[in-house]
Amino acid sequence: MYELLKKINGHDDIVKLSIPELNQLAEEVREGLFNRLTKIGGHFGPNFGVVELTIALHYVFKSPIDKFVFDVSHQSYPHKMLTGRREGYINDECFKNDSGYTNPDESEHDIFNVGHTSTSISLATGLAKARDLLGEKENIIAIIGDGSLSGGEALEGLNVAGSEIKGNLIIIVNDNQQSISETHGGLYKSLKDLRDSNGESSNNIFKAFGLDYVYEANGNDIESLINLFNKVKDIDHPIVVHLTTIKGKGYRLAEINKEEWHWCGPFDRETGEPLYSYDGEDYTTIAKNFILNRAKEDKSVVVITPNMPGSFDLSIDDRVGLGDQFVDVGIAEEQAVAMASGVAKRGCHPIVLTNTTFMQRTYDQVSHDVCINNNNATFLLNYNHFNGLRDVTHLGIFGLSIFSNIPNLVVLAPTTKEELVSMLDYALTQNRHPIMILMPGGEVASRKISIPACEFEKYEINECGSEVAIIALGDFYPRGEKLSQELKNKLGITPTLINPRNATTLDKEVLNSLCDNHKLVITLEDGVLEGGFGPKVATFFSDKNIKVKNYGLEKKFYDRYDPNELIKSLKMDTASIVEYVKENI
């Protein structure tokens, strides 16, 4: 096994192979993908679909002299295997050596650290512009697909490529007729016309941008791709190379159910069944069921997602059941947010569903289009927590500091299923302000609500004590409960335990009351501390005779970390905080 792959470290090795050997290499690459993905999971369909494309690229072009820019880069596993990193796929002990995305720290063949969509064309235009200014001659190749063309940045990149770049730029459109879920938007009607006409349709969006264009229907045939790439190699102007490929090619289950196999956890290769499953109650299902039931009762509720229905387990049947109350805008987060503002302005109740990491792209739309207008859009965000998505390109830990400082926006952080339902109910009935709800993670907790969500300005005091007050926000509230118990057990202190419930409003009445019989206030939050919740509390107490200790993450790009080790390194674990309390009161 891996007879050829073990000898490949780049272009100079690949170019020596015959077409039959290249096809054998493709099979070995897929075996490497199977070895890794069946055991630790990852992006399945995108990588299986580009094996032949990647081999042909490395056969014709010489990386890293010629530069490959992968959009999202969740289809870069074959590229890594062909550039000296095969051990991360064929050797189980080396799985941790490679991230799921391109990473310049791993190899000179990776130009950018990228994990979000629609960026490759714009990044490539920058490379091309600098190359031309420096008088160099290498090929610049942007690879984009999996629905990423619907993102605004991709269209901006095409616009600049078609007018401002005068030299070589090769834009490979990997058209597999699929995004994360199905594709959405008029752009994909144009791609269908081009496929149906073998690239001859006059409905050609790429030519409309001023770009040269060529089509190849056999996007999973190595020989056809080599012939095509040789024709466009060293071209002296920008060109779009439009290819039809099969997402998930080489695994029948993935070819049939492309949405389910976009990403996978560890699974049994023979059956496709996941190796691990969770049968207990989870917050995502609680939120989904509430939204579906509310939409049935209230026809003004509109569910909007930027191609992330899977982040809340909205199945195809769920989406069909919602009918006109469901809108997938494609991978276009800015459109989702601005559209939600318009829906709210006209009298309906929109709720935008996605992961926190992707909302980073919408800061201006949230601030300008929604919050300046104070429209009652609701944003329900998943994976906000530090122990959720841990790749540097997908961190959710910046959400609090990014969004909690925008005027008019109320950022709510539920700690139990009752709070989550109450906050959703409030958000989808009120018309006072935009609301962002940060989904909790971990095991589902239950606790009777003492304060309704509509009174979000009020903190919930769940335990009255003295000397030490613990204010634990959202996902870190269970840590606050554990800390409270340990302070009783180890130091004989009964602290005051507070659930603030929101990250944007200080309950000055509660905070002032702490000054009477407390020496220390501890804040806990699941996010970057700078610009976050804790410093707001510290500022409030700055002119008062009470000490404040804020616990949160540092302002840095963490990457593939162990959550428990990270907490200990920051002295945020319970034992370290107990020791701090012992030394400071």
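Which element gives the largest share of the lining of the second largest cavity? In this predicted model, the largest share comes from strand β4, which supplies three residues.

The second largest cavity has a volume of about 80 Å³. Its lining is made of 14 residues, and G145, G147, N174, Y188 and L191 are the closest to its centre. Two or more lining residues come from each of β4 and α9 (187-196). Sorted by class, this lining holds four nonpolar, eight polar and two charged residues.

**Other spaces in the structure**

A search of the whole structure finds five cavities of 30 Å³ or more. In the largest cavity, N384, L400, L438, D475 and D526 lie nearest the centre, while α18 (399-403) and β17 (518-528) each supply at least two lining residues. The second largest pocket has N387, G441, D475, P478 and R479 nearest its centre, so that D475 is named both for this pocket and for the largest cavity. The table sets these spaces side by side.

| Space | Volume | Lining residues by class | Largest contributor to the lining |
|---|---|---|---|
| Second largest pocket | about 390 Å³ | seven nonpolar, seven polar, five charged | helix α20 (residues 477-491), three residues |
| Largest cavity | about 160 Å³ | eight nonpolar, seven polar, three charged | β17, three residues |
| Second largest cavity | about 80 Å³ | four nonpolar, eight polar, two charged | β4, three residues |

**Strand β6 and its partners**

Strand β4 (residues 169-175), already met in the lining of the second largest cavity, runs parallel to β6 and is joined to it by seven bridges. One of these pairs D175 with T244 of β6. Strand β5 (residues 212-216) also pairs with β6 in the parallel sense, over five bridges, and V214 has V241 of β6 as its bridge partner. Between β5 and β6 the chain passes through helix α11 (residues 222-232), and this β-α-β crossover is right-handed.

Because seven of the seven residues of β6 (residues 238-244) are buried, this strand is largely enclosed by the rest of the structure. The burial holds for both directions in which its residues point, with P238, V240, H242 and T244 directed one way and I239, V241 and L243 the other.

**Helix α2**

Helix α2 covers residues 19-40, and its 22 residues should span 32 Å at 1.5 Å a residue, which agrees with the 32 Å between its end C-alpha atoms. Just after α2, G41 adopts a positive phi of about 75°.

Notes: Residues numbered from 1 in each chain as written. Predicted model: local features only at pLDDT ≥ 70, side-chain atom pairs only at ≥ 80, totals over all residues. Heavy atoms only, no water. 1 Å grid on protein atoms, 1.4 Å probe; cavity = no way out; pocket = protein on both sides within 12 Å on 5 of 7 lines; lining within 4 Å. Points joined across faces, edges and corners; volume = space filled by probe spheres on them. Nonpolar A, V, L, I, M, F, W, Y, C, P; charged D, E, K, R; others polar. Expected span 1.5 Å × (residues − 1). Buried < 20%, exposed > 50% of the residue type's maximum accessible area, 1.4 Å probe, protein only. Pairing = 2+ DSSP bridges. Right-handed = clockwise from strand over helix to strand, strands pointing away.
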